[in-house]
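Hi everyone, thanks for making time for this. I'd like to walk you through a structure that is new to most of you, so let's put it up on the screen.

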Amino acid sequence: MAISIAILDCDLLLHGRGHKTLDRFDLHSVSDDFLLSHFGFPRDFILYLVELLGESLCRRTQRSRAISPEVQVLAALGFYTSGSFQTSMGDMIGISQASMSRCVSNVTKALVEKAPQFISFTRDPSTTEQSFQDFQRVAGIPGVLGVLDCVQVAIKAPNSEDSSYVNKKGFHSVACQLVCDARGLLLSAETNWPGGLQDTAVLERSALYVQMQGYEEGWLLGDGRYPLKKWLITPLESPESPAEFQYNLAHTATHEIVDRTFRAIQTRFRCLDGTKGYLQYSPERSSSILLACCVLHNASLQSGLDAWTLERTEPLEQHRNLNQKPEDRDNQAEELRKQLILKHFSLSHVSED
């Protein structure tokens with residue numbers, strides 16, 4: 001009986017020309033240095049991912065000659081950390097470029113499904129207290145739950161030429177709103193926003209905004225692009241007293257943690273690094289890849305890897321402050337910040353310490 005060529009996997013055709021079988025690449029036959037240089041992670045962590053995602057990946061590939069979860073994970077890590085579907089990468093693990101693309105799609109979907117497990121802003125009393133202590137050790141600001149920022153990842157222009165994805169710098173992107181703790185662990189990552197949205201608009205439409213309403217124990221730190229709120233503490237636009245200058249310095253030093261964290265994520269996952277080119281996908285798929293990389297960042301940090309090992313060191317981007325109308329100001333938040341500065345950054349406080 002004739003078998004339609006359409007149902008054959010590309011790898012079966014390649015296999016007949018001497019390529020490795022689908023499962024012949026052996027993680028245990030190569031060194032950790034080899035795995036780090038080609039896939040970005042050590043063997044133990046890769047095996048952990050295979051176990052974590054294995055059931056989901058098997059569900060997604062039910063063909064009789066399905067690519068193993070191990071090879072799918074390697075293919076996806078190879079793309080995330082290099083940013084390209086290189087023929088040599090597929091040859092190394094024994095699959096075609098077309099199958100590389102399918103593997104990235106399968107692994108991305110599996111990681112996105114795991115996002116609630118690895119990225120969570122659930123605040124119990126012990127976690128909250130630990131956060132306060134960790135952040136206060138950075139530069140002396142008390143009550144900090146996390147640091148907030150909105151970052152851009154370059155993508156190809158959508159087919160619809162939707163101008164909402166053109167950001168203020170003139171290129172197409174998706175925006176990602178991040179919150180991280182003092183170690184660089186992501187507490188929140190919302191990746192599905194058009195790059196043309198202002199940071200304040202992203203915040204006001206986000207799940208984080210809903211979650212923080214009425215929150216009275218602690219606050220987030222945001223830079224001058226955000227409005228001052230009781231749960232979102234920003235720097236002073238025009239500091240005058242020594243205490244205000246000291247507060248702004250402390251705020252900058254603490255807020256820098258989220259910038260460092262995203263730089264480290266871009267450095268490890270070069271598919272997100274705009275200097276290497278943009279993601280060649282729709283906004284929806286690009287957002288999923290970005291979230292998958294965020295999940296991998298947290299999973300690796302929770303597994304004992306250093307969040308900032310690969311951090312780039314270029315200067316931080318300087319942002320313009322938000323111009324708020326007087327009627328839009330939150331008087332209670334203004335008073336809260338004023339008291340924070342007087343209590344923790346005035347000369348009298350310093351002398352008492």
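Let me start with the contacts in the protein chain: among those with a separation of 6 or more, 69% are between residues 24 or more positions apart. Please keep in mind that this is a predicted model. The chain has 353 residues, and 52% of them are buried. Its secondary structure comes to 14 helices and 5 strands. As for the surface, the chain exposes about 17300 Å², with carbon and sulfur atoms supplying 50% of that.

Now, on to the sheet. In what order do its strands lie? Reading across, we get S3-S2-S1-S4-S5, in an open sheet of 5 strands with mixed pairing. At the edges are strand S3, residues 186-194, and strand S5, residues 232-233; each has a single partner strand, so one side of each is left without a neighbour in the sheet.

Let's stay at the S3 edge for a moment. Strand S2, residues 173-180, runs antiparallel to S3, and 6 bridges join the two. As a general reminder, strands of a sheet pair through backbone hydrogen bonds, either parallel or antiparallel. If you'd like to find some of the partners yourselves, look for glutamine 177, whose bridge partner in S3 is glutamate 190. You can also look for valine 174, which stands opposite proline 194 in S3. S2 and S3 form a hairpin with 5 residues between the strands, and there glycine 184 takes a positive phi near 95°.

Is S3, as an edge strand, largely enclosed or open? Here 8 of its 9 residues are buried, so S3 is largely enclosed by the rest of the structure. One element to look at here is helix H12, residues 283-302, which lies across S1, S2 and S3 and runs at about 170° to S3.

Another helix on the sheet is H8, residues 125-139. H8 touches S2 and strand S1, residues 144-154, and its direction makes about 75° with that of S1.

Let me finish by zooming in on one residue of H8, threonine 128. Is threonine 128 buried or exposed? Its relative accessible area is 3%, and because buried means under 20%, threonine 128 counts as buried. Which residues does threonine 128 touch, leaving aside those up to four places away in sequence? They are Arg123, Leu145, Tyr215 and Glu217.

That's my tour, and I'm happy to go back to any part of it.

Technical notes: Residues are numbered from 1 along each chain as its sequence is written. This is a predicted model: local features need pLDDT of at least 70, side-chain atom pairs count only at pLDDT 80 or more; totals for chains, interfaces and linings use all residues. Side-chain values use heavy atoms; hydrogens and water are left out. Two strands pair if DSSP finds at least two bridges between them. Helices (H or I, at least four residues) and strands (E, at least two) are DSSP runs, numbered from the N terminus. Contact means heavy atoms within 4.5 Å. Axes are lines fitted to C-alpha atoms, for helices over the stretch in contact, and angles run from 0 to 180 degrees between N-to-C directions. Buried means under 20% relative accessible area, exposed over 50%, partly exposed in between (1.4 Å probe, protein chains only). Accessible areas come from the Shrake-Rupley method with a 1.4 Å probe; for residues, only the protein chains shown count as cover.
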